[in-house]
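Morning, everyone. Please bring the model up on your screens, and we'll walk through it together.

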Amino acid sequence: MCGVLGISCSNCHRGKQQVFPKLMTCGNDISHRGEQAWGIVTSDGENMVCHRQEGRFGEGITERKAEQLSRKMQGHVGLAHTLYSTIGKSGQKKQPRSIQPAVAEFHGKPFALDYNGNVYDLSRLRKKAMAAGWRFKSKFSDTEVIVALIATSKQTDIIEVLKEVLPQLKGAFALVILYENKIIGARDSCSIRPLCVGYNDNDFVLSSESCAFYPLGAKFIREVRPGEIIVIGEKGIEKYIKWTDKTCCRFCIFELIYFARPDSRLCGGRTAYYYRNKAGLIMAKESPVDADLIISVPGGGDLFADAYASELGIPLRQGLFKNRLGIRTFMTPRGTDRKALQRIKLHPLEEVIWGKRICLVEDSLVRLKVLPETVLMCYEAGAREVHVRVFSAPICYPCYYGVDMATKAELAAANFSTEQIREQAGADSLAYLSLAGMIRATGLPSEMLCLACFNGDYPVEPPTE
Ligand code: SF4
């Protein structure tokens, strides 16, 4: 899961409007989607300049550095990307080449590509690109396969290339491509990964999330439709094209549960806030708790806890203090000591917790690596009882569409009953939101959602390789 962003300062004279400060401002608003690395690329229609580095978006960019970059990164169109890698070895240092936007040439002209998702069964496509002369730098990168297929295509029109390449990709993806004066957005045939378009009087924006429109005062126009390509040129949206007729709507429900910022519109125009508030109310009916305090595990749990606590009439308190380092444990590379990280990330507040029966609120429970530690920390801080409520259903199946839940072996609910999980967590009670409750909280019919990690119903055939 990554963040993609493309901005075109459309109604302006070339060279007068700089896209760089806009990318730096709006890119920050997709930084929660990937904190391992980031990059931006700008173009004046002919020359392309790229800056990529490790860390959270904008990290280490002093005022002086920003001025230098601003002088270097001229142009009125550009992309930004925030990386959350689902491939590579534990804690592996990101190679500059795996950081996006990826840049290559198409018939002698540069193009840049932002990608979010996961495409698989790539052996045949890799061979095809190699036969056409591409020399792969990475063994595993699906991004490079997409770049290679575009760069080696015999077609001379970039849209025709996409119409040729995209149907060959199996999986889920959202792409933003910068080529000449255009930014081009494309979405997978089931609209699993998010992509939407926004506009103000001057700029067109393509983004994983609409929260990135806000700093520019851009309005949410709509989501890019399943199997659609949107082309934005200097005068605004030039065309909408279908790259396939075989489409369906299966939004990733995990965007609403965890990834997306609450103020973002996605999944049929819903805000993530809408889901989290509704889920809190539904949980209060399904699994109330007899406790003195509701305490959100900071980050994903806050809005659920708010709705749950007010519906039950139990005080909501900040009993866990989050370190400003702001490490998201679910999104740290595989193999990192998540228990130790949890102690760095969260500190319990004894003044709040001591002698109380508390209920911890979690958005989801994937690996059971950090919950036992969190419960233990609460007991150590003097909690009399610790209950846990999880505001999504048990995750029993891997995700093949770009979320880091690749094998059944790592999923707590795929291997243990709720009672066993409660016991391992050391909690006094533990309840999940039901699958039906979760669907109801979206306000959408289940046919419009990807629920595969909850029920095993995969909208796109799983990988065979
Ligand atoms: Fe989202 Fe789960 Fe579907 Fe993956 S399997 S896309 S995490 S709903």
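**A sheet, a ligand shell and a helix**

Start with strand β22, residues 385-390, which pairs with β23 in the parallel sense over four bridges. Keep in mind that this is a predicted model. Find Arg389, and opposite it in β23 you will see Ala431.

Now zoom out to the sheet. It is open, has five strands, and pairs in parallel. The order reads β18-β17-β21-β22-β23. Which strands stand at the edges? They are β18, residues 316-317, and β23, residues 429-432. Each has a single partner strand, so one side of each is left without a neighbour in the sheet.

Look for helix α13, residues 418-425. This helix lies across β22 and β23. Against β23, α13 runs at about 135 degrees.

Next, the ligand. Which residues are around it? Four cysteines are easy to pick out by number: the list includes Cys252, Cys399, Cys450 and Cys453. Also there are Ile192, Ile253, Phe254, Tyr401, Val403, Leu451 and Ala452. Two elements, α6 (253-259) and α15 (452-455), give two or more residues to this shell. By class, the shell divides into eleven nonpolar residues, no polar and no charged.

Last stop, helix α4, residues 142-151. Is α4 mostly covered or mostly open? Mostly covered: ten of its ten residues are buried. The buried residues include Asp142 and Glu144, along with Val145, Ile146 and Leu149. What covers them? The cover includes strands β5 (102-106) and β6 (109-120), plus helices α3 (123-131) and α5 (158-165).

Definitions and conventions: Residues are numbered from 1 along each chain as its sequence is written. This is a predicted model: local features need pLDDT of at least 70, side-chain atom pairs count only at pLDDT 80 or more; totals for chains, interfaces and linings use all residues. Two strands pair if DSSP finds at least two bridges between them. Two residues are in contact if their C-beta atoms, placed from the backbone, lie within 7 Å. Axes are lines fitted to C-alpha atoms, for helices over the stretch in contact, and angles run from 0 to 180 degrees between N-to-C directions. A residue is near a molecule or strand if its C-beta atom, placed from the backbone, lies within 6 Å of it. Ala, Val, Leu, Ile, Met, Phe, Trp, Tyr, Cys and Pro count as nonpolar, Asp, Glu, Lys and Arg as charged, and the others, Gly among them, as polar. A residue is buried if 20 or more other C-beta atoms lie within 10 Å of its own, exposed if 12 or fewer, and partly exposed in between; C-beta atoms are placed from the backbone.
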